Amino acid sequence: MTRKKFSLLAALLAAALVLAACPQPTPVVETVKETVVVTQVVTQTEEVVVTPTPVPPVQGGVWVEGSSADATILNPILASDSASFDVLGWFFPSLLGQDPFSGAIVPTEMAESWDVSEDGLVWTFHLQDGVMWSDGEQVTADDFKFTYDAIGSDLVETPRKANLDNIESIEVLDPLTIQVTYGEVKCDALNNLGLGWLPSHLYAADYSDVMDSPLNETPTVSAGPFIFNEWIRDDNSTVLRNDNYWKGAPHMDGWIYKIVPDPGARLAQLQTGELDLIGVQPEQLTTIQLDSNLSLHKFKDDGYSYIGLNQANPENPQAGQDEEGNLIEQDPHPILSDLAVRQAIAHALDYDAIISRVYLGQGYQIASNVLPAVEWAHDPSLQPYAFDTEKAAQILDDAGWTDSDGDGVRECNGCATAAAGAALTIRLQTNAGNTTREDLGALVQDQLNGIGFDIQFEAIEFGTLVGELLGQTFDMVIIGWTGLGTDPNDDSFWHSKFDTPGSGFNFVSYQNARIDELLEQAVSVPGCATEDRAPFYHEIQQIIHDDIPYVFVTGSVGNTGYSKKFNGINPGPWSFYHNIETWSLAQ
Amino acid sequence: MTRYVIRRLLQAIPTLLGVSFIAFVFVYNSPGDPILIRTFDPNITQESREILRRQLGLDQHWALQYISWVTGITLRSGQVVQEFERSDTSCTFIAWLNTTSCNNGGGILRGRLGTSIATNQPVWDRIVERMPATLQLGVSALLVSLLIGVPLGVLSAVRQRSIFDASVRVLAVVGNALPSFWMGLMLILLFGVVLGWLPTGGMRTVSLTNEFDLVDRARHLILPTFVLAVGGIALFSRFMRTEILEVIRTDYIRMARAKGVAARNVWFIHALGNALIPLMTTLGPAIFGVLSGAIIVETIFSWPGMGRMTFSAAVQRDYPTVLGAVMFFSVLTIMGNLLSDILYGVVDPRVRLS
């Protein structure tokens with residue numbers, strides 16, 4: 001009597017199996033997988049030996065990058081997330097190029113050269129001639145001016161308004177010459193001129209359609225190596241070769257940006273050949289290294305992780321300066337304003353263990369705020385704090401933080417900043433979901449509690465954490481900076497004018513008049529020569545190192561896993577795709 | 001019947017207004033700030049941030065923002081017509097109140113869900129864009145869980161206390177207990193990476209042309225559908241087993257047996273028919289269950305659906321999108337419940353809808 005039921009089940013199962021066993025269609029990515037098996041590198045080297053003329057590069061092929069997040073808007077002045085720039089970066093020309101290995105600003109994009117006036121205020125850029133938008137219009141200085149004027153327009157809602165700071169005027173001298181006049185010398189000012197240019201001939205001259213132009217979704221006109229093809233939100237974006245790209249058309253047919261939110265699924269797709277490039281998490285490194293079809297690109301990223309120590313009382317956040325620019329004396333943090341406590345924390349952490357266990361070796365210890373990647377400004381003589389729990393305990397004892405009641409937690413017995421008897425209890429927060437930071441938090445809690453702290457660690461949702469951070473209502477926070485770029489100017493972290501509760505990035509309320517002065521001098525050196533700026537940064541690093549507003553945990557190491565299906569890939573720390581037009585299928 | 005439906009639909013209006021108010025208060029008063037999250041970047045100054053906040057109206061008290069969201073009319077003190085007038089927004093200055101009133105033609109009362117802060121798209125467009133993917137996954141998961149769960153439940157009841165019954169029970173417990181993100185990843189690893197039979201994620205094989213291919217779509221659907229359906233299979237099999245066993249003890253079944261009706265007909269016509277009635281009441285909520293369960297499955301399988309969109313909008317504090325999704329899900333839930341009430345009447349003639 002149950003046979004019918006079984007046959008229904010059997011039919012279902014059979015249907016599932018039939019579906020599963022259906023002949024596989026031939027998607028682009030899977031055909032590619034077969035070509036990868038034949039490692040043709042050997043053949044190529046042989047040919048180089050035999051004949052001096054290289055083989056013509058194989059045309060065709062598609063590169064698929066996997067990303068956790070999708071682009072939000074494909075307009076270079078409205079976008080503020082890295083995923084959007086990953087895609088829109090293919091289309092919009094920019095004034096300045098960046099060396100993929102050193103990160104230095106170089107004349108490889110629209111500006112083929114520039115002159116600076118003697119006072120350093122007037123910059124004249126000479127543009128490449130003959131660069132065309134894909135609809136046949138020429139890319140000119142007007143596009144640059146339109147883009148930056150649009151940013152300043154009331155009609156345009158963009159977080160990029162600060163890119164215009166200090167710019168007094170932008171003039172088009174002729175279609176291939178731009179003159180930018182600054183109000184004062186700022187050595188890192190060029191960084192603000194790097195945004196992509198909009199094709200001004202497709203927009204209303206009064207900027208009224210910048211916000212809701214269909215081009216924000218489908219930027220059909222390109223002056224870069226690829227032309228926009230299709231964008232299916234949260235699924236994929238595809239771009240096709242621009243046959244008229246001024247640096248030479250790419251050999252590959254196109255590039256795909258595929259959204260795969262889960263890191264485990266991204267790794268799986270890289271292994272099956274459905275993806276060609278992913279950012280690799282430390283715990284995934286071994287899998288990549290063991291796979292003969294994959295390569296790994298490891299690089300020192302321009303970021304670091306740190307523990308921010310709030311110098312001011314979180315119950316009374318105050319701005320660092322009044323309206324005239326005078327320092328406002330802060331209500332000090334009852335515990336963390338004590339330099340001895342900060343020194344004890346810096347000495348109590350086992351950085352080697354943290355880097356090897358939490359970061360799985362993907363990090364390196366740093367002593368202060370300028371990363372070694374910015375070679376000219378970095379001070380290599382500065383030594384990071386050494387792991388020494390006895391010394392840490394001694395510092396606390398000497399500073400009047402002792403455990404008088406034997407409960408394992410120190411109290412203030414004659415300390416400088418807190419009320420007598422106050423326990424050494426500090427909150428430590430980070431953003432939930434970032435497992436590395438959660439692990440670090442647990443380890444820091446453990447190590448600090450080992451010398452008599454009472455660390456109350458909690459991981460909270462990122463949006464909430466950002467609110468606490470900028471609101472300056474936290475004690476200690478584990479977080480990091482990424483994308484610091486090539487200029488060492490990081491005044492927004494340390495200058496007292498950026499200590500503005502609710503918005504400023506000097507949220508640790510660090511206040512040091514000498515640092516304010518040095519930060520200002522370092523970016524206004526006449527001529528901006530690196531050797532003239534370096535001494536300022538060396539002194540800044542020394543002071544930050546000694547004052548410990550941050551405990552520097554590790555410099556970031558990035559890992560990119562990618563397929564070997566193309567020849568010519570030569571990734572630099574600042575750009576993976578800088579020479580993508582020269583890549584050709586390994587075949 | 002028609003009157004009943006109309007009355008229920010009218011009742012839905014105050015419900016939805018209530019939902020809109022409660023959701024708005026919660027969302028706008030939750031910690032976090034959409035502007036800070038979008039501009040957590042030291043290169044962006046406070047002034048730029050304040051300008052953006054003002055342009056988006058996020059500097060206003062939440063009650064004023066609620067009025068604006070519901071009616072499409074924004075009130076601001078002072079004469080600021082120039083600053084806020086746009087091609088789609090008309091502003092007038094009301095002198096005696098010293099207030100500028102701007103009408104952007106939107107507001108949920110006029111059926112507009114507003115514009116996303118993160119992507120600058122109309123929220124309705126975003127929902128319409130993602131809905132097909134979620135529906136496709138949700139409907140197939142619901143069908144699979146019914147087609148597998150219901151027969152399994154009936155068979156377990158028929159073979160009560162047999163090995164089959166016991167194994168279905170164990171499978172139901174295991175299926176319910178396994179977290180779907182883990183099971184999803186394990187299935188990807190097995191069928192996608194090790195065996196290479198099925199794609200590891202996405203709705204389609206991505207290519208430069210993205211042509212439609214039914215077989216390819218079906219293959220991409222198998223794993224996520226199964227993972228999303230497992231909970232339903234477990235639920236429906238247990239539910240059906242209980243219901244059948246309850247029905248089987250009733251007098252009319254005993255009567256049917258006494259009359260000598262064939263066992264097969266007793267089980268599948270008399271018993272199953274009546275046992276299905278309570279199942280109808282679970283269908284409405286089940287639609288919502290599938291939609292909410294889709295968040296995890298959509299993330300693991302890179303499925304571009306509503307669940308993922310809503311979740312990431314919440315993370316980004318994209319208030320209009322979150323609220324739009326809440327309103328949309330509310331309408332769907334109300335419709336689902338109404339539908340199951342109507343179905344109830346259809347399956348069981350004794351139930352009168354009045």
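The radius of gyration used here is taken over C-alpha atoms, and the globule rule it is held against is 2.2 Å times the number of residues to the power 0.38. In this predicted model, chain A has 587 residues, so a compact globule would come out near 25 Å; the chain's 28 Å agrees with that. Along the principal axes, the C-alpha trace of chain A spans about 85 × 75 × 55 Å. Some 43% of the 587 residues count as buried. As for how the chain folds back on itself, take the contacts in chain A between residues at least 6 apart in sequence: 65% of them join residues at least 24 apart. The secondary structure of chain A comes to 15 helices and 21 strands.

Chain B is split by the domain assignment into domain 1 (32–110) and domain 2 (123–347). Their C-alpha centres sit 42 Å apart, and the contact between them takes 5 residues from domain 1 of chain B and 5 residues from domain 2 of chain B. On the domain 1 side, those residues break down into 3 nonpolar, 1 polar and 1 charged. An unreviewed UniProt entry places the annotation "domain: ABC transmembrane type-1" on residues 131–340 of chain B. Over that stretch the chain is 82% helix and 0% strand, with the end C-alpha atoms 21 Å apart.

Now for where the two chains meet. The contact draws 67 residues from chain B and 64 residues from chain A. On the chain B side, at least two residues each come from α2, α3 (46–55), α6 (123–158), α8 (180–194), α9 (214–248), α11 (263–300) and α12. Of these, α6(B) gives the most, with 8 residues. By class, the chain B side divides into 34 nonpolar, 20 polar and 13 charged residues.

One helix of chain A, α12 (residues 462–471), makes a handy close-up. Of its 10 residues, 7 are buried, leaving the helix mostly covered. Those buried positions are Phe462(A), Gly463(A), Leu465(A), Val466(A), Gly467(A), Leu469(A) and Leu470(A). An α-helix has 3.6 residues a turn, so residues three or four places apart point the same way. What, then, covers the buried residues of α12(A)? From chain A, the cover includes the strands β16 (425–431), β17 (454–460) and β18 (476–481). Chain B joins in too, with α2 (34–38) and α12 (306–315) among the covering elements. Both of these chain B helices also turn up in the list of those supplying at least two residues to the side that touches chain A. Just past the end of α12(A), Gln472(A) takes a positive phi of about 60 degrees.

How values were computed: Residues are numbered from 1 along each chain as its sequence is written. Chains are lettered from A and ligands numbered from 1 in the order in which they are written. This is a predicted model: local features need pLDDT of at least 70, side-chain atom pairs count only at pLDDT 80 or more; totals for chains, interfaces and linings use all residues. UniProt positions are given in the numbering used here, feature names are shortened, and annotations may be inferred rather than shown by experiment. Helices (H or I, at least four residues) and strands (E, at least two) are DSSP runs, numbered from the N terminus. A residue is buried if 20 or more other C-beta atoms lie within 10 Å of its own, exposed if 12 or fewer, and partly exposed in between; C-beta atoms are placed from the backbone. Two residues are in contact if their C-beta atoms, placed from the backbone, lie within 7 Å. Domain bounds come from an automatic or database domain assignment. Ala, Val, Leu, Ile, Met, Phe, Trp, Tyr, Cys and Pro count as nonpolar, Asp, Glu, Lys and Arg as charged, and the others, Gly among them, as polar.
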